[in-house]
Structure formats: structure tokens, C-alpha cells
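Here is a friendly walk through one protein fold, meant to be read with the structure open beside the text. Please keep the viewer at hand as you go.

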Amino acid sequence: MELKNDQELAMSPVVANCRMNRERQLCGGNSYEQDLRLNPLDFLNARLEERQPVRWLDLCCGSGRALVEASQQLSDVEITGIDLVDMFVPGGSSNLQLIDCRLEDWRPPQQYDLITCVHGLHYVGDKLDVISKASSWLTVDGLIVAHLDLNNLRHNGHSTFGRKVAQALRDAGLQYDSRRRIIRCEGRTEITMPWHFRGSDDNAGPNFTGQPAVNSWYEDV
Ligand SMILES: C[S@@+](CC[C@H](N)C(=O)[O-])C[C@H]1O[C@@H](n2cnc3c(N)ncnc32)[C@H](O)[C@@H]1O
């Protein structure tokens with residue numbers, strides 16, 4: 001099997017296509033609230049009662065619709081969205097920054113109270129690296145909520161590699177909800193995984209979302 005590097009993956013029709021759902025709104029149907037089982041407004045408002053500024057980072061933000069809506073309702077929250085594709089909707093307030101950039105190339109200028117990734121990791125190459133890095137970008141009591149399909153994690157030596165990864169994440173203090181396929185990380189965490197990223201297979205076919213996704217292949221360190 002020929003594996004793609006990150007530059008090749010970014011050009012893949014599985015990653016760069018206009019069919020995927022980039023339009024989730026903040027709350028209600030087809031929303032972050034619905035898919036994450038977390039209302040970002042409630043979470044961020046609760047944080048605002050404790051301190052300011054409060055920061056929300058959304059990885060693979062798509063059109064940024066949810067963030068534009070949040071920026072209009074939460075003027076004291078600094079909101080940042082990152083996406084490979086510059087297809088952002090207009091209308092965000094001055095507290096919103098939408099950045100077109102590959103996740104792998106981006107470095108955070110600060111720590112975040114909330115980091116989300118709504119159906120974005122399915123298209124990323126080194127998913128474990130993104131999870132590890134994002135865990136270190138949290139404030140001490142910050143929260144990550146992100147979708148992860150364990151079937152998209154592969155290793156030649158392990159037929160059930162995803163389960164090994166889930167155990168390693170739990171050992172590091174993260175939670176994995178296998179029914180909803182959501183990882184949660186509460187509080188800044190340093191994660192060291194015993195695997196190297198080999199490359200991506202963009203011919204993996206559909207994952208639990210029903211959309212073609214990317215398998216990420218690993219080997220032992
Ligand atoms: C299914 S869409 C979800 C978008 C948004 N989170 C939503 O729910 O509406 C996945 C997004 O991930 C982005 N993406 C994929 N690989 C990426 C990467 N390496 N860096 C940044 N964004 C990426 C795609 O451009 C796409 O907008």
C-alpha cells in the first residue's frame with residue numbers, strides 16, 4: 001500500500017472536496033452541540049464567570065459557521081478557527097480569527113479553555129500527534145472534545161490497533177466514548193505515544209460518518 005505524506009494528503013480528493021459537511025452551526029440541528037454532546041455556549045459562559053479572557057480553538061473548523069455564531073453571542077471569548085480550506089462564511093465579530101492553514105503547520109500563540117475538532121481528525125494524517133499537541137495547548141483546567149474513529153488508526157503488527165490507542169489515551173488520563181467516538185481531555189496533559197507515524201491511506205473508504213476518511217498508519221518507535 002502506498003502511503004501519502006501530509007503534503008500529498010492535503011491534495012487528496014478525500015480531504016480537499018466540496019461534498020463534506022463544513023456547515024455545522026453552533027446549536028440545534030446539524031450542529032456542534034448535537035455532534036459533540038456539549039453546548040459550547042454553556043461551557044464558555046460558565047468559564048467567563050470564573051475569569052477573562054476565555055479562549056476557544058476549533059481545529060478543522062470548516063466554514064466557521066458555528067464560530068461566527070458564537071463570536072456574535074460571546075464578545076468576551078477569543079475564538080480561533082483553523083482549516084485547510086479558505087471557505088469561511090462572513091459575519092464574525094472582532095473576537096473571531098479564522099485562519100486557513102494546515103493543522104500540522106500551525107503553532108498556538110497561547111493556551112485554550114476549550115479545543116474542539118468536529119469530524120476533522122477523520123481527514124488528518126498524524127491524528128495521534130494532533131491529539132498530543134492539542135492536549136498540551138490547554139489551560140490547566142481546559143477541555144478538548146474531538147471525534148475520533150479508532151478504525152482509522154492502523155498498525156501492521158496489531159489488527160486491533162485502535163483499541164491499543166484507546167487504552168494508551170485512557171492511561172494518559174483522557175476519556176474515549178466508543179459509542180459516540182469522542183475523545184475528551186480535561187486539563188493540560190503531556191502525552192507520549194510509543195508509535196511513529198508512517199503515512200496516510202486515503203483509499204480507506206467510509207468510516208462511521210458514512211464519508212470516505214483517511215487511515216493513519218503507525219509503527220513502533
Ligand atoms: C467534515 S469537515 C468539518 C468542518 C466543521 N468542523 C463542521 O463540523 O462544520 C472537516 C474539515 O477538516 C478540514 N481539514 C482536513 N484536514 C485538515 C488539516 N490537515 N488541517 C486543517 N484542516 C483540515 C477540511 O478542510 C474540512 O473543512
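The report below goes through the sheets, the helices that lie on them, a loop residue and the ligand shell.

Please keep in mind throughout that this is a predicted model.

**The seven-stranded sheet**

A good place to begin is the open sheet of seven strands, whose order is S3-S2-S1-S4-S5-S8-S7 and whose pairing is mixed. Its edges are formed by strand S3 (96-100) and strand S7 (175-177), each of which pairs on one side only. From one strand to the next, the twist averages 15°.

Several of the strand pairs can be traced one by one, and the table lists three of them together with a pair from the second sheet.

| Strand pair | Sense | Bridges | One bridge partner pair |
|---|---|---|---|
| S1 and S2 | parallel | six bridges | arginine 55 and glutamate 78 |
| S1 and S4 | parallel | three bridges | tryptophan 56 and leucine 114 |
| S7 and S8 | antiparallel | three bridges | glutamine 175 and arginine 184 |
| S9 and S10 | antiparallel | six bridges | histidine 196 and glutamate 219 |

**Strand S1 and its surroundings**

Strand S1 deserves a slower look. Six of its six residues are buried, so S1 is largely enclosed by the rest of the structure. Both faces are covered: on one side sit the buried residues Val54, Trp56 and Asp58, and on the other Arg55, Leu57 and Leu59, also buried. Two of these residues reappear in the table, since arginine 55 has glutamate 78 of S2 as its bridge partner, and tryptophan 56 has leucine 114 of S4. From S1 the chain passes through H4 to S2, and this β-α-β crossover is right-handed.

**Helices on the sheet**

Helix H4 (residues 65-73), the helix of that crossover, lies across S1 (54-59), S2 (77-83) and S3, and runs at about 170° to S2. Is H4 mostly covered or mostly open? Seven of its nine residues are buried, so to speak of H4 as mostly covered is fair by the burial cut-off of 20 or more other C-beta atoms within 10 Å. The buried residues are Arg65, Ala66, Leu67, Val68, Glu69, Ala70 and Ser71. Their cover includes helix H2 (32-36) and helix H3 (40-50), along with S1, S2 and S3.

Helix H5 (residues 127-136) lies across S1, S4 (112-117), S5 (138-147) and S8, running at about 150° to S5. S1 is thus named among the strands crossed by H4 and among those crossed by H5.

**The three-stranded sheet**

A further open sheet has three strands in the order S6-S10-S9, again with mixed pairing. Strand S6 (153-155) and strand S9 (195-201) are its edges, each pairing on one side only. Neighbouring strands here are turned by 35° against each other on average, with direction ignored.

**A loop residue**

Where does methionine 11 lie? This residue is in the loop between helix H1 (6-10) and H2. Methionine 11 counts as exposed because 10 other C-beta atoms lie within 10 Å, and the cut-off for exposed is 12 or fewer. Its C-alpha atom is separated by 33 Å from that of threonine 139, a residue 128 positions away along the chain.

**The ligand shell**

Finally, turn to the ligand. It is surrounded by 21 residues, and the closest are Arg24, Cys60, Gly62, Leu84 and Leu103. By class, this shell holds eleven nonpolar, four polar and six charged residues.

Conventions
Residues numbered from 1 in each chain as written. Predicted model: local features only at pLDDT ≥ 70, side-chain atom pairs only at ≥ 80, totals over all residues. Near = placed C-beta within 6 Å. Nonpolar A, V, L, I, M, F, W, Y, C, P; charged D, E, K, R; others polar. Pairing = 2+ DSSP bridges. Helix = DSSP H or I, 4+ residues; strand = E, 2+ residues; numbered from the N terminus. Axes fitted to C-alpha atoms, helices over the stretch in contact; angles between N-to-C directions. Contact = placed C-beta atoms within 7 Å. Right-handed = clockwise from strand over helix to strand, strands pointing away.
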